[in-house]
Amino acid sequence: MAPWTPVALPPGLVASRRTRIVGRRYELAVMETVWESVEQGDGQVLLLGGEPGAGKTRLAAEVACALHEQGAAVLVGTATRDAGVPYQPFVEMLDHLFRSSAPGTLDELLDGSATELRRLSRHVDRHLPDAVERGEPAGDGRRDLFEAVAGLLRRMARDRPLVVVLDDLHWGQLPTVALLEHLVHSCVDSRTLVLATFRTTRRTGRRS
Ligand SMILES: Nc1ncnc2c1ncn2[C@@H]1O[C@H](COP(=O)(O)OP(=O)(O)O)[C@@H](O)[C@H]1O
Ligand SMILES: [Mg+2]
């Protein structure tokens, strides 16, 4: 079985990096220090807060692309105001991971968690051998799902450092934030950097 390789970065992230970044030397230096800890196995969380247009996404893109070029795996998910899908940023990043990787290459990484992860991405099945039964999840839905996602990230981070970018987290619904919280605890001793951006201005137009 071919080993998995980091998937290409989402086009939106690459596009936002087309123009040269101005300034941000301090922030980039901080990120470099944080990344050194990540590489030594200390999971880290970086929260980038600011007003709309302040440059949060641009800075996250700069960091994610640079780390990707250094060999890190990068997963990217964006929360939106009108999310119609539960766990939307995680659905986005897992869809991209499973769809962009050559069929079958993530079978070992899945390590039995396909049934749970199918709740988030229907592209999981591309990586299962034909003979594997496509069962329905059973048991405690949320806890099992959270553990399945955490297990996948931990296994990924064993092979190469991992960056999880969550853009516009201020739009994230409660289940998304709960999953993120679980991941932060679960990945504390793995080579994982969670890089989340959020608005510091008041939210308006939220339905709940
Ligand atoms: N440091 C920077 N250097 C150059 N362009 C920047 C920088 N920060 C932001 N921009 C540009 O400003 C615009 C808004 O930035 P963006 O990252 O989308 O803001 P936010 O995510 O905080 O709403 C984008 O076109 C982006 O490319
Ligand atoms: Mg943004």
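Between which two elements does the loop with Asp168 lie? Asp168 lies in the loop between E3 and H8. The model is predicted, and the legends below take Asp168 and other sites in turn.

**Figure 1. Asp168 in its loop.** This view of the predicted model is centred on Asp168, in the loop between E3 and H8. Strand E3 spans 162-167, and helix H8 spans 174-186. Phi of Asp168 is near 60°, a positive value in a residue that is not glycine. Most residues other than glycine have a negative phi. Asp168 counts as buried because its relative accessibility is 18%, and the cut-off for buried is under 20%.

**Figure 2. Arg24 ahead of helix H2.** Arg24 sits in the loop between helix H1 (11-15) and helix H2 (25-39). Arg24 is not a glycine, yet its phi is positive, about 65°. Its relative accessibility is 30%, so Arg24 counts as partly exposed. Arg24 is also one of the residues around ligand 1.

**Figure 3. The shell around ligand 1.** The surrounding residues are Arg20, Ile21, Val22, Arg24, Glu51, Pro52, Gly53, Ala54, Gly55, Lys56, Thr57 and Arg58. By class, the shell holds 4 nonpolar, 3 polar and 5 charged residues. Three polar pairings are shown in this view. A nitrogen atom of ligand 1 is 2.7 Å from a backbone N or O atom of Val22. A polar backbone atom of Gly53 lies 2.7 Å from an oxygen atom of the ligand. Thr57 places a polar side-chain atom 2.8 Å from an oxygen atom of ligand 1. On its own, ligand 1 has 550 Å² of accessible area, and the protein covers 64% of that.

**Figure 4. The largest nonpolar core.** This core has 39 residues. Those with the most contacts inside it are Phe90, Leu97, Phe98, Leu117, Leu153, Met156 and Leu166. At least two core residues come from each of strands E2 (73-78), E3 (162-167) and E4 (192-199). The same holds for each of helices H4 (88-100), H5 (107-110), H6 (114-117), H7 (141-159) and H8 (174-186). H7 gives the largest share, 9 residues. A second, separate core has 23 residues, including Val38, Leu46, Val76 and Leu195.

**Figure 5. Contacts of Leu117.** Leu117 is among the residues with the most contacts inside the largest nonpolar core. Residues up to four places away in sequence are left out here. The partners of Leu117 are then Leu94, Phe98, Leu110, Val124, Ala148, Val149 and Leu152.

**Figure 6. Leu67 in helix H3.** Helix H3 covers residues 56-69 and contains Leu67. Leu67 counts as buried because its relative accessibility is 6%. Beyond four places in sequence, Leu67 touches Trp35, Ala72, Val163 and Leu193. The C-alpha atoms of Leu67 and Leu162 are 9.0 Å apart, although the two residues are 95 apart in sequence.

**Figure 7. Ser186 in helix H8.** Ser186 belongs to helix H8. At 13% relative accessibility, Ser186 counts as buried. A polar atom of the Ser186 side chain is 2.9 Å from the backbone oxygen of His182. Setting aside neighbours within four places in sequence, Ser186 contacts Glu147, Ala150 and Arg154. Ser186 and Glu147 are 39 residues apart in sequence, with 8.4 Å between their C-alpha atoms.

Notes: Residues are numbered from 1 along each chain as its sequence is written. Chains are lettered from A and ligands numbered from 1 in the order in which they are written. This is a predicted model: local features need pLDDT of at least 70, side-chain atom pairs count only at pLDDT 80 or more; totals for chains, interfaces and linings use all residues. Side-chain values use heavy atoms; hydrogens and water are left out. A nonpolar core is a set of buried Ala, Val, Leu, Ile, Met, Phe, Trp, Tyr and Cys residues joined through side-chain atoms within 4.5 Å. Buried means under 20% relative accessible area, exposed over 50%, partly exposed in between (1.4 Å probe, protein chains only). Helices (H or I, at least four residues) and strands (E, at least two) are DSSP runs, numbered from the N terminus. Contact means heavy atoms within 4.5 Å. A residue is near a molecule or strand if one of its heavy atoms lies within 4 Å of it. A polar contact is a pair of N or O atoms within 3.5 Å; within protein, one must be able to donate a hydrogen and the other to accept it, and residues adjacent in sequence count only if both atoms are side-chain atoms. Accessible areas come from the Shrake-Rupley method with a 1.4 Å probe; for residues, only the protein chains shown count as cover. Ala, Val, Leu, Ile, Met, Phe, Trp, Tyr, Cys and Pro count as nonpolar, Asp, Glu, Lys and Arg as charged, and the others, Gly among them, as polar.
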